[in-house]
Every structure is written in structure tokens, then in C-alpha cells.
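Me: Please take a close look at one part of this model: its surface, including the exposed loop residues and the pairs of charged side chains. I would like the cut-offs stated as you go.

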Amino acid sequence: MNEDIHFRMMTVNDIEEVLEIERLSYAKPWSRKTFYYELTSNPYATYLLMFVDGQIAGYCGVWVVFDEAQITNIAVHPAFRGKKLGEALMKKSMEIAKKLGAISMSLEVRTSNRIAQNLYRKFGFQKGGIRKNYYTDNGEDAYVMWVKFYEPDRSKHIGN
């Protein structure tokens, strides 16, 4: 991987380019309105962009609520797949979630998406359950996968 990779937070000005990746990646892509809401009105949402040689190559959305992070969506543009860029994006997203106070992270993944499941396993994610008929395009089930970054220090809580 010789490409120049860098990251920055997504803004509303990036929505059109992200929508293109979204459309190429998902059977039921998010709308412009949904991304706009996430960026302007959801206080828990953080959206990260990954650039390769100056082009948006991927993005990841994360909600951090208290000490739990949830990946809302993650995608790499098809032209950039197969170059371990998903790993770079996942690693950076997890770093940001930790900086925002998360001690664990979860996500849903199609039961048929072995490539994504293998990526998540590389980062310590384990299957924690199944959401039946989770995907509305075809009724496919989703695995819920979790990873704990670390155990919280309970000794600092009031009453101890």
C-alpha cells in the first residue's frame, strides 16, 4: 500500500461524494437527508472520511453514547477495495471512538458478508447475537458483533 492515506471528519459539503460510495456499496443506501441530519443534528454522531491520493476512498459513521460506540455504516469505494484500506479506516474509527470515551464498540453485519466479518474479527470483534430479518432489502439476518476496548476502572466511581 503505497498510497498517501489521510483522514478528516466529514462535513455537509462531502455528502454528494459519500452518497456515491454509499450507492455503490449498499442495496438500500442512506439518503442525502439522513447524512445531513447525522452531520447537523445528531449529537452522538461522528463521521470520518478516508482519503487516498486526495480522493475520498471510504467513510465510517460512529455513534458514541456514554461509553458505547456503534458503527452506523462503513464503506470503501469499490475502486479502492482489496488494498487493506478497510483495515486503516476501521483502525482510525476505533481510535476516535476511544478518544470520545467509548470502552466498547458494536456493529451489525450481514450474515453472508464473510469479508467484512473477517475484517471485524481482526480487530477483536466477536459475534454477540443475531438480528432476524434485519436488512429490509432482502430480509437477511445480521450478526451483532462486539469488541471491548478495555474494562472500565470501577474504583473511581462514587461510593467506592
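Reply: Exposure is graded by relative accessible area: buried is under 20%, exposed is over 50%, and partly exposed lies in between (1.4 Å probe, protein chains only). This is a predicted model, in which local features need pLDDT of at least 70 and side-chain atom pairs count only at pLDDT 80 or more, while totals for chains, interfaces and linings use all residues. Residues are numbered from 1 along each chain as its sequence is written, and side-chain values use heavy atoms, with hydrogens and water left out.

A27 counts as exposed because its relative accessible area is 55%. A27 belongs to the loop between helix 1 and helix 2 (32-41); helices (H or I, at least four residues) and strands (E, at least two) are DSSP runs numbered from the N terminus. Helix 1 covers 15-25. Between the C-alpha atoms of A27 and V144 there are 19 Å, and the two residues are 117 residues apart along the chain.

Two further loop residues have backbone angles to note. Most residues other than glycine have a negative phi. D53 has a positive phi of about 50 degrees and is not a glycine. The loop between strand 2 and strand 3 holds D53, with strand 2 at 45-52 and strand 3 at 55-65. D53 is exposed because its relative accessible area is 52%. F66, also not a glycine, has a positive phi near 55 degrees. The place of F66 is the loop between strand 3 and strand 4 (68-76). With a relative accessible area of 77%, F66 is therefore exposed.

Next come the charged side chains. Side chains of opposite charge can pair when their charged atoms come close. Across the whole structure there are ten salt bridges, each a side-chain nitrogen of Lys or Arg within 4 Å of a carboxyl oxygen of Asp or Glu.

One of them joins E87 to K122, with 2.6 Å from N to O. This pair links distant parts of the chain, since E87 lies in helix 3 and K122 in helix 4, 35 residues apart. Helix 3 runs over 85-99 and helix 4 over 114-122. E87 is partly exposed because its relative accessible area is 24%, whereas K122 is exposed at 54%.

Another salt bridge is formed by E140 and R110, whose closest N and O atoms are 3.1 Å apart. Here too distant parts of the chain are linked: E140 sits in the loop between strand 6 (126-131) and strand 7 (142-148), R110 sits in strand 5, and 30 residues separate them. Strand 5 spans 104-110. E140 is buried, with a relative accessible area of 14%, and R110 is buried too, at 19%.

The salt bridge of D141 with K132 has its closest N and O atoms 3.4 Å apart. Its acidic partner, D141, is buried at 18% relative accessible area, while K132 is exposed at 59% relative accessibility. Beyond single pairs, K84, E87 and K122 are joined into one network by salt bridges that share partners.
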